[in-house]
Amino acid sequence: MSAVGQQEEQLSQSDLSPSSNSSSSFEIIDMDAASLYEPVSPHWFYCKIIDSKETWIPFNAEDSQRLEEAYGSDKDCNGRVVPTDGGRYDVHLGERMRYAVYWDELASEVRRCTWFYKGDKDNKYVPYSESFSQQLEETYMLAVTLDEWKKKLESPNREIIILHNPKLMVHYHLVARSDEWGSIPAEQGRPRTVKRGVENISVDIPCGEPLQIDHLVFVVHGIGPACDLRFRSIVQCVNDFRGVSLNLLQTHFKKAQEQQQIGRVEFLPVNWHSPLHSTGVDVDLRRITLPSINRLRHFTNDTILDVFFYNSPTYCQTIVDTVASEMNRIYKLFLQRNPNFKGGVSIAGHSLGSLILFDLLTNQKDPLEENDSEKVIPRVVLDQGDTLDLEEDLKKLQLSEFCNLFKKEKIDKAALALCTERDLQEMGIPLGPRKKILNYFKNGENIQSVNKQNQQSALGGNLPVLSEKSKDCNSTGGAGNEEYLDISIGQASVKYPRLIYKPDIFFAFGSPIGMFLTVRGLKRIDPNYKLPTCKGFFNIYHPFDPVAYRIEPMVVPGVEFEPMLIPHHKGRKRMHLELREGLTRMSMDLKNNVLSSLRMAWKSFTRAPYPALQATEAAAADETEPEPEAVPEKPSDVQAGDSPVADKEEAASINVGMLNGGQRIDYVLQEKPIESFNEYLFALQSHLCYWESEDTVLLVLKEIYQTQGIFLDQPTQ
């Protein structure tokens with residue numbers, strides 16, 4: 001046996017002796033082994049804290065490639081900033097951090113990922129650190145090249161990774177086992193799968209976004225920090241809204257996208273809740289809040305009280321200032337980052353946010369009209385002559401001797417309304433005349449009437465003559481008159497800031513605007529009234545939304561008509577609505593047939609007897625007599641069968657004023673089949689359904705792109 005072994009050893013040594021043939025054969029073997037190894041393709045991820053857990057989310061393919069190119073061009077990466085997510089985030093490569101651009105958000109870690117291991121609980125793959133991934137890649141390359149497997153590596157936290165073969169690589173997690181003598185941390189737990197490359201793990205890589213931005217939409221939230229039943233922030237809900245819009249652009253504007261006529265619509269959130277509650281009001285509320293039912297009281301203070309804050313002059317001023325300044329700031333920043341943007345701007349508000357935007361828009365002024373008013377108002381004042389009116393009032397009071405004194409001090413009626421008794425005393429007016437003057441101009445009634453006439457004559461027909469106040473308000477004296485004479489429909493004590501742009505369209509989702517206008521004492525909206533700087537206004541709501549109210553009945557109070565039904569995004573009514581309409585139509589047809597049969601039977605019973613000679617004439621009359629009565633019933637059947645056409649004609653014939661440029665204002669969504677079983681059960685959900693509603697998003701996109709002359713591929717009605 002030893003001799004045989006020696007011979008084999010000699011043969012093996014002779015085979016390993018250097019020769020031309022043997023060296024070439026080894027080169028082939030090495031080349032084949034090296035050809036089996038292919039470098040791993042990296043993909044970039046960022047870390048988000050979701051439900052108190054770290055979740056690694058991949059960038060879309062375009063952003064990851066852009067980051068990889070920036071990483072490869074400069075190894076230091078210090079100072080390199082790469083915009084991602086459509087320009088809403090910036091990635092600082094040197095820091096490996098991702099920062100939000102337009103809103104406040106915690107920075108998230110960014111990682112160039114090549115190797116992954118499966119997590120403990122959710123079975124999602126977690127990337128290794130970049131340094132340890134490089135060690136794994138080097139070990140894998142040696143194992144493939146030399147065909148030597150079962151390589152062991154120790155991770156930075158002293159856990160073991162074993163590479164058995166290219167298909168089987170495991171990570172042993174150390175589990176501490178305790179007994180009565182203490183803990184023993186050396187025991188290995190259940191092995192976890194290790195994968196190389198993002199293509200080998202189950203993860204959804206999102207699609208990229210078109211670079212071209214056609215339109216910008218600011219979205220303002222309602223009460224509270226959470227915007228849906230999952231208690232997500234306005235940023236997350238607007239992300240869903242934006243994602244739905246990108247999908248609908250691919251399905252409903254496919255032709256325009258193929259012709260490169262459109263890009264996308266950018267939706268940016270506007271947050272006012274955090275600045276409001278950072279004023280210290282929460283501390284004051286916490287001091288007076290009762291200790292019982294703590295969670296409910298905290299929810300009330302953090303959410304429902306926002307309605308009362310907006311009705312408070314102090315905090316209402318904070319809210320409108322925050323909303324206007326945020327939209328102006330974001331708009332300027334957006335233009336800086338997108339210098340080639342030539343599109344328009346629209347605004348959207350949910351719940352209380354829609355009321356905030358409505359008050360802001362009604363208190364805006366068109367720059368052209370503002371310039372005209374500045375020119376006209378002084379002329380009107382000079383023509384009417386406040387000083388002359390003051391002389392007439394002094395003559396009525398038999399105090400004309402003080403006219404020269406008021407002229408010397410340059411006091412007109414408006415200035416006199418601001419004077420106190422001490423001011424008049426310093427002017428040298430005796431006590432008796434002082435009392436007469438103050439009593440006559442008490443509450444500034446005459447001053448307000450003059451100011452109102454001047455403003456109306458200056459601003460012309462664009463005044464928001466929104467309503468007629470009730471008699472109770474007018475009979476309450478000065479306060480009622482002051483509220484009636486206020487030009488705006490917002491709160492009289494709030495100074496509404498200006499927006500630096502003119503919105504094209506205002507979308508209100510689940511809006512209580514109609515209710516708040518009614519509570520403020522506004523009965524109706526003038527059909528000729530329109531928002532000063534905004535052309536369009538759409539009031540979109542779910543039929544079961546408990547917060548939503550209509551607007552059109554305030555414009556046309558004497559006519560009852562249904563709102564416009566928003567088409568389903570698949571191009572038809574929902575099945576249960578069609579079934580309901582069909583059953584209603586059948587019942588109406590059955591009712592009409594039964595009534596006509598009863599009518600004919602009743603006439604046959606009540607007919608007087610005829611001679612035999614007239615029997616044939618009576619029979620002929622019976623055959624022809626029901627026809628005129630059946631003729632009016634046929635058009636009704638046709639109308640019932642063609643109800644969509646009739647609805648369109650009726651909707652087109654209704655004049656709802658100029659608030660939306662002559663178009664309809666109220667648009668109602670179609671409820672889902674499960675929602676029709678119980679309205680109360682889905683009431684809260686219906687108020688928060690707009691963020692993921694394809695029908696809502698499609699209506700927004702359709703109206704925005706119609707302003708650019710771009711229409712849907714197929715009609716949705």
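Colleague: Which residues have the most contacts inside the largest nonpolar core?

Modeller: Keep in mind that this is a predicted model. Its largest nonpolar core has 100 residues. The ones with the most contacts inside that core are Phe218, Met327 and Phe506.

Colleague: And which helix gives the most to this core?

Modeller: The core draws at least three residues from each of domain 1 (43-176 + 187-196) and domain 2 (213-364 + 496-571 + 655-708). As for helices, the top contribution is nine residues, and they come from helix H10 (residues 313-337).

Colleague: Which residues is phenylalanine 506 in contact with, leaving aside its neighbours within four places in sequence?

Modeller: Phenylalanine 506 is one of the residues with the most contacts inside the core. Its partners include Cys534, Gly536, Phe537 and Phe538, along with Ile513. The rest of the list is Ile347, Gly349, Ser354, Leu357, Phe358 and Leu361.

Colleague: Let's go to the surface. Is phenylalanine 299 buried, partly exposed or exposed?

Modeller: Phenylalanine 299 lies in helix H9 (residues 294-311). With Ile293, Leu296, Ile304 and Phe308, Phe299 forms a nonpolar surface patch of about 500 Å² accessible area together. Buried would need under 20% relative accessible area and exposed over 50%. Phenylalanine 299 has 40%, so the label is partly exposed.

Colleague: How far apart in space are leucine 712 and leucine 698, C-alpha to C-alpha?

Modeller: Leucine 712 sits in the segment after helix H29 (694-706), and it is buried at 17% relative accessible area. Leaving aside neighbours within four places in sequence, it is in contact with His252, Phe253, Leu698 and Lys702. Leucine 698 is 14 residues away in sequence, and the C-alpha to C-alpha distance is 9.5 Å.

Colleague: Arginine 96 and aspartate 147 caught my eye. What is the phi of arginine 96?

Modeller: Arginine 96 is in the loop between strand E4 (89-92) and strand E5 (97-100). The phi value is positive even though the residue is not glycine, and it is near 55 degrees.

Colleague: Then is aspartate 147 buried or exposed?

Modeller: Aspartate 147 also has a positive phi, about 55 degrees, without being a glycine. Its loop runs between helix H4 (130-146) and strand E9 (151-154). Arginine 96 counts as buried at 17%, but aspartate 147 has a relative accessible area of 58%, so aspartate 147 is exposed.

Colleague: Zooming out, what share of the 717 residues is buried?

Modeller: The chain has 29 helices and 21 strands. About 40,900 Å² is exposed, with carbon and sulfur atoms supplying 54% of that area. The buried share of the residues is 41%.

Note on methods:
Residues are numbered from 1 along each chain as its sequence is written. This is a predicted model: local features need pLDDT of at least 70, side-chain atom pairs count only at pLDDT 80 or more; totals for chains, interfaces and linings use all residues. Side-chain values use heavy atoms; hydrogens and water are left out. Patches are made of residues with over 30% relative accessible area and no salt bridge: like charges are joined within 9 Å, nonpolar side chains (Val, Leu, Ile, Met, Phe, Trp, Tyr) within 5 Å. Accessible areas come from the Shrake-Rupley method with a 1.4 Å probe; for residues, only the protein chains shown count as cover. A salt bridge is a side-chain nitrogen of Lys or Arg within 4 Å of a carboxyl oxygen of Asp or Glu. Helices (H or I, at least four residues) and strands (E, at least two) are DSSP runs, numbered from the N terminus. Buried means under 20% relative accessible area, exposed over 50%, partly exposed in between (1.4 Å probe, protein chains only). A nonpolar core is a set of buried Ala, Val, Leu, Ile, Met, Phe, Trp, Tyr and Cys residues joined through side-chain atoms within 4.5 Å. Domain bounds come from an automatic or database domain assignment. Contact means heavy atoms within 4.5 Å.
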